[in-house]
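Colleague: I am new to this structure and would like to go through it with you, one question at a time.

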Amino acid sequence: MALTADQVRADFPGLARRVHERLLVYLDNSATSPTPRPVRQAIDDFYNLYSANVHRGLHTLSEEATAAFEGARARTAAFVGASGPEAVVFTRGSTSAINLVARSWGESLGPGDAILLSVAEHHGNLVPWQMLAARRGVELRFLELTPAGTLDLSALERLLTPEVKLVALAQVSNVLGYELPVATIVAAARAVGARVLLDAAQSVGHLPVDFGALGVDFLAFSAHKMCGPTGLGCLVARPELLEAMEPIEGGGDMIVHVGLHKSTWNRSPFKFEAGTPPIAQAIGLAAAIDYLEGVGLEWIAEHTRDLCDEAAARLAELPGVRVVGPLTGRLGPVAFTMTGVHPHDIATILDGEGVAIRAGHHCAQPLHELLGLESTARASFYLTNQPSDIDALIDALEMVRKVFG
Ligand SMILES: Cc1ncc(COP(=O)(O)O)c(C=O)c1O
């Protein structure tokens, strides 16, 4: 029997709360998704029953914590089709995963080398490369947009010259909502010997993502956007690349031997995880993965796409409303503007109606500037949403129109 959003929502009691005396309609999933009961339970169990540090203890609690933490790494590796746990580095989030690549692998680049990005990248997949460009004299190149609001891949051949050493793109844009045709990108990058980094912050946990099958070199994602806890992300990489990379942070756990003047590094992924790692968060991520697989990644993707198609179509019918990016095929975020109303005012009035959306540049300021917009309003959908949430959004926008005449 097909799953319904109602069955899923039963695991998220927080969604039944009231905001400003209205039943909450949570449409800010692209920023952070809600956390289901089993994830909170797994974290609670860790703190209640075996809260201890990992890797270095010889007592039972530490051994249990280590087994759960390393089990979470193995679970994550299997979930995203990585070669094994050695391919998974725990970081603070997608942003710090991408910074790790830029500050470690990126140091091998210099003048004459180029990195290909797009004008639609989240700041987390833009600013680290700008910093590398300033440090190492690397050139940044950008894929632009088609009038339909997708990436203009017809420019790939012109932009992808042998100078390009890395192509770094979001699998799903957090504003435009489109899904990147990863196979096309990987084939084109391979043809000039470039590595590929996939910013999967909006895609892992939202659709089936297989690192090995996609054939990319680096994959970055965040636990808090896929029903997991905040404060944790992952860098998944080819083990041979990780082995060749230098750590960017020093401290406990990332070493094999420490002398007063010199130390030797642990093997990867441990050499990239200086200090006490995010133990509870990793355990929570493993529970989130169990949860998402229980619901079914195919179901989640189809459910989210259907909601986005309907939301985009209904928004586009409203007078003065413009959907930013394609009207169909979106996975999660639906950004829009309303003539004569600032997106912050839209979000504030919607909050008064119990509808939580986001307004601003969504950490994609260059994209907004290119589109001639200071900011947009963004409703974003995920597994807990239902068609009635779109009704609530449209009704609340009617209220905005009344307020602003
Ligand atoms: C496409 C994309 N990349 C990167 C990030 C950064 O994620 P985090 O803030 O969890 O590091 C986000 C967050 O919204 C995103 O949407």
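The questions and answers below take up the ligand, a strand, a sheet and a helix.

Colleague: How are the residues numbered, and what kind of model is this?

Modeller: Residues are numbered from 1 along each chain as its sequence is written. The model is predicted, so local features need pLDDT of at least 70 and side-chain atom pairs count only at pLDDT 80 or more, while totals for chains, interfaces and linings use all residues.

Colleague: Which residues of the shell around the ligand are closest?

Modeller: A residue is near a molecule if its C-beta atom, placed from the backbone, lies within 6 Å of it. The shell divides into 3 nonpolar, 10 polar and 1 charged, where Ala, Val, Leu, Ile, Met, Phe, Trp, Tyr, Cys and Pro count as nonpolar, Asp, Glu, Lys and Arg as charged, and the others, Gly among them, as polar. Of the 14 residues that surround the ligand, the closest are G93, T95, N174, A201 and S222.

Colleague: How many residues of strand 10 are buried?

Modeller: Strands (E, at least two residues) and helices (H or I, at least four) are DSSP runs numbered from the N terminus, and a residue is buried if 20 or more other C-beta atoms, placed from the backbone, lie within 10 Å of its own, exposed if 12 or fewer, and partly exposed in between. G233, L235 and A237 point one way from strand 10, C234 and V236 point the other way, and all are buried. Strand 10 (residues 233–237) is therefore largely enclosed by the rest of the structure, the buried count being 5 of the 5.

Colleague: In strand 10, which residue is the bridge partner of A220?

Modeller: Two strands pair if DSSP finds at least two bridges between them. Strand 9 (residues 218–222) and strand 10 pair in the antiparallel sense over 5 bridges, and the partner of A220 in strand 10 is L235.

Colleague: Which strands stand at the edges of the open sheet?

Modeller: The sheet has 4 strands in the order 13-14-17-16, with antiparallel pairing. A single partner strand leaves one side of each edge strand without a neighbour in the sheet, so the edges are strand 13 (321–324) and strand 16 (358–360).

Colleague: Where on helix 14 do the buried residues lie, on the same side or on opposite sides?

Modeller: The buried residues of helix 14 (residues 387–403) are D389, I390, L393, A396, L397 and V400. They cover an arc, taken from the directions from the helix axis to the C-beta atoms, of only 130 degrees, which puts them on the same side.

Terms used: The expected span of a helix is 1.5 Å times one less than its number of residues.
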